There are 8 protein chains.
Amino acid sequence: MKLKQGQKLLFIGDSITDCDRSKPDGEGLFDATGRGYVTIVNALLTSTYPELGIRVVNKGISGNTVRDLKARWETDVIAQRPDWLSIMIGINDVWRQFDVPFIKDWHVYIDEYEATLRELVQRSKPGVEGLVLMTPFYIEPNEADAMRAAMDRYGAVVKRIAEEEGALFVDTQAAFNKVLGTLYAGTLAWDRVHPTQAGHMILARAFLNAIGFDWSKMAQ
Amino acid sequence: MKLKQGQKLLFIGDSITDCDRSKPDGEGLFDATGRGYVTIVNALLTSTYPELGIRVVNKGISGNTVRDLKARWETDVIAQRPDWLSIMIGINDVWRQFDVPFIKDWHVYIDEYEATLRELVQRSKPGVEGLVLMTPFYIEPNEADAMRAAMDRYGAVVKRIAEEEGALFVDTQAAFNKVLGTLYAGTLAWDRVHPTQAGHMILARAFLNAIGFDWSKMAQ
Amino acid sequence: MKLKQGQKLLFIGDSITDCDRSKPDGEGLFDATGRGYVTIVNALLTSTYPELGIRVVNKGISGNTVRDLKARWETDVIAQRPDWLSIMIGINDVWRQFDVPFIKDWHVYIDEYEATLRELVQRSKPGVEGLVLMTPFYIEPNEADAMRAAMDRYGAVVKRIAEEEGALFVDTQAAFNKVLGTLYAGTLAWDRVHPTQAGHMILARAFLNAIGFDWSKMAQ
Amino acid sequence: MKLKQGQKLLFIGDSITDCDRSKPDGEGLFDATGRGYVTIVNALLTSTYPELGIRVVNKGISGNTVRDLKARWETDVIAQRPDWLSIMIGINDVWRQFDVPFIKDWHVYIDEYEATLRELVQRSKPGVEGLVLMTPFYIEPNEADAMRAAMDRYGAVVKRIAEEEGALFVDTQAAFNKVLGTLYAGTLAWDRVHPTQAGHMILARAFLNAIGFDWSKMAQ
Amino acid sequence: MKLKQGQKLLFIGDSITDCDRSKPDGEGLFDATGRGYVTIVNALLTSTYPELGIRVVNKGISGNTVRDLKARWETDVIAQRPDWLSIMIGINDVWRQFDVPFIKDWHVYIDEYEATLRELVQRSKPGVEGLVLMTPFYIEPNEADAMRAAMDRYGAVVKRIAEEEGALFVDTQAAFNKVLGTLYAGTLAWDRVHPTQAGHMILARAFLNAIGFDWSKMAQ
Amino acid sequence: MKLKQGQKLLFIGDSITDCDRSKPDGEGLFDATGRGYVTIVNALLTSTYPELGIRVVNKGISGNTVRDLKARWETDVIAQRPDWLSIMIGINDVWRQFDVPFIKDWHVYIDEYEATLRELVQRSKPGVEGLVLMTPFYIEPNEADAMRAAMDRYGAVVKRIAEEEGALFVDTQAAFNKVLGTLYAGTLAWDRVHPTQAGHMILARAFLNAIGFDWSKMAQ
Amino acid sequence: MKLKQGQKLLFIGDSITDCDRSKPDGEGLFDATGRGYVTIVNALLTSTYPELGIRVVNKGISGNTVRDLKARWETDVIAQRPDWLSIMIGINDVWRQFDVPFIKDWHVYIDEYEATLRELVQRSKPGVEGLVLMTPFYIEPNEADAMRAAMDRYGAVVKRIAEEEGALFVDTQAAFNKVLGTLYAGTLAWDRVHPTQAGHMILARAFLNAIGFDWSKMAQ
Amino acid sequence: MKLKQGQKLLFIGDSITDCDRSKPDGEGLFDATGRGYVTIVNALLTSTYPELGIRVVNKGISGNTVRDLKARWETDVIAQRPDWLSIMIGINDVWRQFDVPFIKDWHVYIDEYEATLRELVQRSKPGVEGLVLMTPFYIEPNEADAMRAAMDRYGAVVKRIAEEEGALFVDTQAAFNKVLGTLYAGTLAWDRVHPTQAGHMILARAFLNAIGFDWSKMAQ
């Protein structure tokens, strides 16, 4: 387990991260961390490593692209002083190119995506102890699908930045692909984007494996 | 893993099981299985054992006692023809003795509790392949607390019936106690009864360990 | 134009037909015929052939399968005494096999689908002057996609019944496919099932071409 | 077809244009372009000319007069940089003279109407490739009706400006009149102003004929 | 003043009478008699003739035709045992012929209207001391308008029945016509049917003049 | 009739005047002038003197005392440039002394009341052609009742100011007293303050008599 | 203290008793006993005599007269098997005579009131250990007020029945009168009927004094 | 009775004090002082000592800690110029340490608590005639419970400050403890913090005894 006692773990991203979290805090009583993978991670950390006292904060906002993250980075990341930071962004950057193809102002093309994400990562690195980069994903098994192919290209950007900057890398697309061999895409997400709880469990598991969660403790 | 391909697993109980599940189905799209341990179990089974295709149904109803379960047993359990049945009941049977002590009609004392639960178990056994009995619990570490002590007595009844009837037994109180050594009760449940997601994770884990969930698959 | 002066045209189907129509009437003032292809058909008939006075009735109900249509056929079709009847059913019959694969009770497999649809068509034929059968569809260009492939098989059933029973046949999948060569599926329907207004226009156009709508009147 | 690949077509006007569009955007997913003629135009362009990728934006606001348009012209028209601009305004300018005749501050008389509309047209012309002026209308067949007569005078102003400024001209009153020969006014609009979907189809058709929409493509 | 001390005056009709009255009573505290002419009549009787103690009951229901009145006549009129009965019906009987011309089941043509209204009047006469028949109306000054002309024909039926049966007759159309010489129709009713408070005052005044209200008492 | 063609009549006051008027306008379509005496006055003027075209504006605000009127006098009276101004204020000034007797900050005692009301009247007189002062009232027949006695003293202040400043004077208390001889106070107002429609008719009648409304026109 | 360990005390009446209690139970968690004197009595008994374990049930229903109580006596009183029964009814029986004087069907005159109340008392006496009769009241100090005078006559009926039947008698009017010497009626109830919490405290105190509550325990 | 005629008594605190009081006033008509002990105190003072005319103001805000009180002290206490001031704060200061133990920014530890409370008391003393300090409490009988033990330490701070500053001291924990000998904690508060009305009565009683309320007046 890479996280240490008393550390603060901050997640930032889009609707996959948000999941109706409390605004503006994103932490605290009741459903403050939302209803997605962040809350599953939180529940597993709290129940399995209660002695670590990991503080989980959710700063996801539905509909965000990397351009939106940049606009609120100072307030929602730097000023929060997290020990660990996890970023999953890019789905809307790609999706808008496919669901509103004629509104080009709303598209974030791959060059802007890469430059912005790299800038945010570099800006944050000095202040954190650990950094996790999660790829965007598309719950579609057909690699020839135009949107899946685009998402894969954005995911490759995330991988490159993670390698260059020494961040932990989580390949969410690969995690979904494994299950897509058995289940139809629609079982995991009605629109191939917003996962069911089973889909969020896949995300949480991929994240936790990256930070060294010890699953054998669950069996005790 | 004790569950087999294509089996139907039905949970019945009170608000801890219910968690705003869809009525009357308790299964299907979106949040049909609610927001508690049933959904976590469902998410873990679907994502980790997708090839088994386990069908999870939630028939919990908030506020129920064992007396209420009896009234709807034919409709909500027998007629559903589950392969596996999990019962967690008793919290309200006990709680009403402590929060409305003067309204004795609303209390289900231990003799009625034991007789009714045994009757329901015996009525269901012939039709199912597996039966899981989960104890009621009270997220209070002080064993001398009057309500905790009562809950422990009801839990002991569940254990006895499980042993006599050959059901799998899940000691939820023990599962909570382990974490209560580190965390204060209020961190897991604002009223010592309705768990946070961390608390529901503890319930799900205890249940899954009873049915032989293989956690090492999570690390792959 | 195949419809004659004063005739009543009744549409029945699932959510694609329903589109929030008034219940139980499905005709009348304001948005009584809903917000989908039925209303576009109605608007085009009323504005282009006002002298015909075609009465359009919408009896779609969201979530329906052919099994549900059978249960309400007497009330919602026979008793309404339409002159023309249009049926588009089957999407949910197929979809449930893919989004809730483990709940097999909710699936309507192809044999039941064919038998039921044929029975309904035969039951209605004596009372109507014209009958239109529209295929179910899936707005997914990849023919190898499992759900698209299944939908195509159900569509073939519709075609066979139309031929056997002498009904007008509308191939909605073909109509969508033509546009899917240019536009990504997500532009026409967020979940590949519920169309945008552009998607409903495609359905309305396919229907109107089948009944001989004269588009040259629009240019006058 | 006068519109070219990738162009942006912006509609501005009052409640007939607005129809509950999204604010402030007036474009995007779901019902962003509202429920009136703008959305019908959008649906027909997208489904019939998908390869053109026309971007349709709706900037109508209910209750607006030409005086209100002037106040937001910079923001809602100039700054949007449309390639094509369509204006339909004047109904409220006239209507207030008839429904609240004693509140003279709320009336926009014909001189102010003409001067303001001409100013807005002239201000926009340099920036756009195409300009469409649609008359206001009153769905009342009796030309001697005081409000219809007034609306006709305002419509004549629109025609004059269109001719002087070289804009495409859409005579919506004439379009409605054709159908009013067959249908009673109340069938097309409960208050003779806000059209049913059949009425909006009449508006969409008149607009599309002005820009050269090829209806023969619909029959293919 | 024709009404005597302690008498009960019952109004029945459609939305013009209803005006959001309390259901099912139509009398009592707060806005029980609705917000239309019935309440104005009630307010004027109570404040000007308090010593008479006239009990006013409103049994109007929005959307009703004379066919609907017949269906509830026993319950809502006969069983109420009014001393005076006022009927104003027919607007919807006519209106549906003009706003949903293709749904002929919803139209009440003039023969059925006359026969039904006469039957209701004759059925009620023995039990009441006074009977008032108010014409339906259409706030449209153009007598050549198709719906106005139809309404005038229905009004003539009311007049004939009033004469034959010895009922007091209130010509509401004439009352509106007087003001329509000065004001545009839209000032009195946005849809030419549902009056503003000024329009309801015209109805109340016409009714009160029929029953001999002494306006000179208002000046004291 | 003292009002002339085209004049604007503005009412200001507390909840008796407000009656859920539209904010901020207090004039226009639908129920813009509220549901009290102002609307009755408006309805009677519009229907009986349509040729005068009197514009009625309601600027009452619930809960206001004369102190609140002063704070908004510039905006809500002076800037509106009415031809006629009617003021009815003082009920809350008195009532707070009786329903929250211990919160003395909320009481407006008679000296402040008189000074403020006189100041407002003098400030407005130069700009208006006619000024109407209506007394506050308390629908309680017992003159020895402490709150009624206080209200009478405030009413006397209004009378004195009206005489000194040459305003028309409306004694609303006297108008209610006349009916209170026959009806119990509770019939006219559930709390002896907020009138039923019968009570508002009494207020409207008293106002209209002051401005010379000719009731004999109602009988024509 | 007349109540003994474990007894059940049931209150029945109108809105003064009801105060938004839970329906149908009128007992249990949260605000089940409403927000009036019943809850104050309950709070004082529970906190001052916790060892007695008195069970308080509220069966008041807003708007009830003694006629309504009779209709539900079997269900809401007899079948509940209370040890102590407290009845406060009559305010609506009187009030309707004063707020809707013309609707005589809604009035319960004094003879019917006395006969019905006596019948209910006699029917209940055999089953209960203690019976409390509370007078209706009117928070109006002027004994000459018509409604106060009527209420006093109904209160005298309650007193007579209490004496004849050996019930405890609570003179609520006298209890209010004592405070009305100092406070204006409006301070205790906005409509002279529905008390503030101070008014409910007066009712609770009068009730508790009748059953022998020992106030000196409060000072300990 | 320590309070004198016409004095203003202001309560400040957290949710126990707030109880849905009106914002921002916290005094006035209807439920302005909320639904907790403040309103019970108010009701008892008003009904038992009406001649004193004590003005009760509630400035509690849910969720507040002593840190929050400091931030609004000038506005909500000093500027209100109370004669008597009662402070009950500290529950949230402690609770957050137990329900969100990992969010340390939200905890107010005992040193900050003591320093801040002392500062507020000293700042207020010069302006008030009487000052009451009420301890925070935890309705848990087990003194070894971690949160109860912490609450007791904070209560000891309150006691020390009260002694040093000469304030009246109310030991709310002791008041609850007396009843906890007989009743289970859950009977008085579902979460051991937010009391039932019985619990609020215990608080009101403890407060009133501190200011010398004479309970023997209740028996008169």
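This report covers chain symmetry, one interface, one sheet and some backbone features of a predicted model.

## Symmetry between copies

Two copies of a chain are related by a rotation about an axis and a shift along it. For chains A and D, the rotation is 90° and the shift along the axis is 0.1 Å. That operation superposes chain A on chain D with an RMSD of 0.0 Å. The two copies are therefore related as by a four-fold rotation axis. Within chain A, the residue that comes closest to this axis is A:Lys23, with its C-alpha at 16 Å.

Chains A and B follow another operation. A turn of 180° with a shift of 0.0 Å along the axis lays chain B on chain A. The RMSD is 0.0 Å. These two copies are thus related as by a two-fold rotation axis. Here B:Trp215 is the residue of chain B that comes closest to the axis, at 2.9 Å for its C-alpha. The same surface serves both copies, since 100% of the contact residues of chain B recur in chain A.

## The interface of chains A and D

Chain A gives eight residues to the contact, and chain D gives nine residues. Together the two chains bury about 670 Å². Of that area, 68% lies on carbon and sulfur atoms. Three residues stand out on the chain A side: A:Phe102, A:Ile103 and A:Trp106. They supply 72% of the area that chain A buries against chain D, more than any other three residues.

What charged pairing crosses this interface? The rule finds one salt bridge between chain A and chain D. The side chains of A:Asp105 and D:Arg55 form a salt bridge, at 3.1 Å from N to O. The count of residue pairs in polar contact between the two chains is one, with both residues at pLDDT 80 or more.

## The sheet of chain D

Chain D holds an open sheet of five strands. Their order is S2-S1-S3-S4-S5, and the pairing is parallel. Strand S2 (55–58) and strand S5 (168–170) are the edge strands, each pairing on one side only. From one strand to the next, the twist averages 15°.

Strand S1 of chain D spans residues 8–13. S1(D) and S2(D) pair in the parallel sense over four bridges. In this part of the sheet, D:Leu10 stands opposite D:Val57 of S2(D).

Which strands does helix H10 of chain D lie across? Helix H10 (residues 197–210) lies across S1, strand S3 (84–88), strand S4 (130–134) and S5 of chain D. The helix runs at about 155° to S5(D).

## Backbone features in loops

In chain B, the peptide bond from B:Lys23 to B:Pro24 is cis, with omega near 0°. B:Pro24 sits in the loop between helix H1 (15–18) and helix H2 (37–48) of chain B. Chain G also has a cis peptide bond, joining G:Lys23 and G:Pro24, with omega about 0°. G:Pro24 lies in the loop between helix H1 (15–18) and helix H2 (37–48) of chain G.

A:Arg192 has a positive phi, near 65°, in a residue other than glycine. Where is A:Arg192 found? A:Arg192 lies in the loop between helix H9 (185–188) and helix H10 (197–210) of chain A.

Terms used. Residues are numbered from 1 along each chain as its sequence is written. Chains are lettered from A and ligands numbered from 1 in the order in which they are written. This is a predicted model: local features need pLDDT of at least 70, side-chain atom pairs count only at pLDDT 80 or more; totals for chains, interfaces and linings use all residues. Side-chain values use heavy atoms; hydrogens and water are left out. Copies are superposed by least squares on the C-alpha atoms of residues with pLDDT of at least 70 in both. Contact means heavy atoms within 4.5 Å. Two strands pair if DSSP finds at least two bridges between them. Helices (H or I, at least four residues) and strands (E, at least two) are DSSP runs, numbered from the N terminus. Axes are lines fitted to C-alpha atoms, for helices over the stretch in contact, and angles run from 0 to 180 degrees between N-to-C directions. Buried area is the accessible area (1.4 Å probe) that two parts lose on being put together, summed over both. A salt bridge is a side-chain nitrogen of Lys or Arg within 4 Å of a carboxyl oxygen of Asp or Glu. A polar contact is a pair of N or O atoms within 3.5 Å; within protein, one must be able to donate a hydrogen and the other to accept it, and residues adjacent in sequence count only if both atoms are side-chain atoms.
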